[in-house]
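Here are a few notes to read alongside the model. Have a look at it first, then go through the points in order.

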Amino acid sequence: MANALVNVPARARRGEIIEVKTLISHPMETGYRRTQLGARIPRDIIRLFVCTYNGTEVFRAELHPAIAANPFFVFSTVATESGTLAFQWTGDNGFSATESATITVE
Amino acid sequence: MSGRAPHLLAAFSVIALAGATFAGEIPMTERRSGYDFLSRETRAMQDDDTANPGMLAVLEGGALWARKTGAAGRACADCHGDAGASMKGVAARYPAFDATLKRPVNLEQRINRCRADRQQAPPLAYESRELLALTAYVARQSRGLPIDVAIDARTQPFLDNGRAAFYRRQGQLNLACSQCHDDNWGRRLAGNVIPQAHPTGYPVYRLEWQGLGSLQRRLRNCLVGIRAESHEYGAPELVELELFLMWRARGMAIETPGVRP
Amino acid sequence: MERETSRRDFLQAAAAGLGLGAVITVAPAHATPKEMEDAIRKVVGSGRVSKGRVKLELPPLSENGNTVPLTVSIESPMTPADHVRAIHVFTELNPQPEVVSFRFGPRAGHARVSTRIRLANTQTVTAIGELSDGSFWSATAAVVVTLAACLEDA
């Protein structure tokens, strides 16, 4: 039951470069920590984040354990047309989460 | 001369009621939130609602607020409506006196009382994701408002206990809270700046925890830090200390969800 | 803050082990600069890496290694003919050198990303940029990592 916060401007001019912010709730367990008795805590991270704009991929991040818990990304994309920005996070143990936001481009 | 005595008496009783100024107590005008001791980057993390990791909990709390629960099948929203209106100012006055229990309770305990009494739902565990989310959501509605806990004849004894705990040397390091937070705030300990310990941003996203936590969790960390015996979550000693800390921070603005190292 | 096996963990585990006769294996606490070089080689192949063009922004002092804000960017027209393909971030003293790889195209507008990373120690962070013409560029930034006082398990 992932919890995500995405921020995309509601409207933009055609050709304008817009800033997108995404934040998702996830512990990003590194796999390097040990319990008090020395047992290794298994890795459990988000490995991939993809942003598509009306179906076309516009940004991708390949994550490793050194990305902090509750992964946060700010990136940009060109406002080409009205439509939907879709976000997908996938990772260990079958983790999968999606979020989307619409934008009106005039 | 006789005209002045009643004023003196009145002044003395006000001081006695609120508590005399102890040596080393931070003057009201010099009080600063932990926010002021943060690096520029961490401040930016707190300031931006679209980037503040604590906001994830606030979002979740908003969803829980609207969800029907318990044998009564009631949501918080069913009684309290829009939290932005009904919960405004609430977190700023907690811990508050509970007439049934005859002692102060903190916000987490108040939420669980509501769950038991109104929703016929089991209490949420301390530091559970749901309780933190709900507490963060409620406290967020007081953001920007001044802390204002009620100190009167009922809460005064508990405030006194909390104050005594703050100034008492304890633990293997024989340290009192005041020695760091009244006498040495602004100086560095283990590379980090010692704040004045005002609970302005709770529940807080602590970078060390990589998650949100309550004031009680932070106090327990402090007790571990000075190698003193800790208290269980919900213990009266912790609530009394919370009450004292909130009183000590009276007038300072709530920042929930705060971000701290 | 995450360490492979802190002294505290080791002592506690050893104390537990004494009673049960358990053996504690201790893996290396962090990667080596050589491992970072190998990781960079894997990405860059036989290409040459030149210093420059990449701008890596990190705070010189971090209050907590669990969450260190990072911004990396490369000035580029971001046209189909001339754009940034990727930016890769590495550390030399974390348990593993790879941090993250960002992939861009002309649709990005700017080749600029902000995120939050973990740093296990005071160390230098390296960013490698890959351009559409096949060239590689690098930049580094040093971060002093401090630790909060009054922790959960002391």
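**Notes on the model**

1. Chain A has 106 residues, and 39% of them count as buried, meaning that 20 or more other C-beta atoms, placed from the backbone, lie within 10 Å of the residue's own. Bear in mind that this is a predicted model, where local features need pLDDT of at least 70, side-chain atom pairs count only at pLDDT 80 or more, and totals for chains, interfaces and linings use all residues. Residues are numbered from 1 along each chain as its sequence is written, while chains are lettered from A and ligands numbered from 1 in the order in which they are written.

2. Chain A has 8 strands and 0 helices (strands are DSSP runs of E, at least two residues; helices are runs of H or I, at least four; both are numbered from the N terminus). Its C-alpha atoms fill a box of roughly 60 × 20 × 20 Å along the principal axes.

3. Now for a sheet shared by two chains: 6 strands form an open, antiparallel sheet in the order β1(A)-β3(A)-β6(A)-β7(C)-β4(C)-β2(C). Pairing here takes at least two DSSP bridges between two strands. At the edges sit β1 (4-7) of chain A and β2 (54-57) of chain C, each paired on one side only.

4. Within chain C, 7 bridges link β4 (residues 68-74) to β7 (residues 111-117), and the two run antiparallel. C:Ile74 has C:Ala111 as its bridge partner in β7(C).

5. Finally, chain C brings 14 residues to its contact with chain B, which supplies 15 residues; contact means C-beta atoms, placed from the backbone, within 7 Å.

Technical notes. Contact = placed C-beta atoms within 7 Å. Buried ≥ 20, exposed ≤ 12 C-beta atoms within 10 Å, placed from the backbone.
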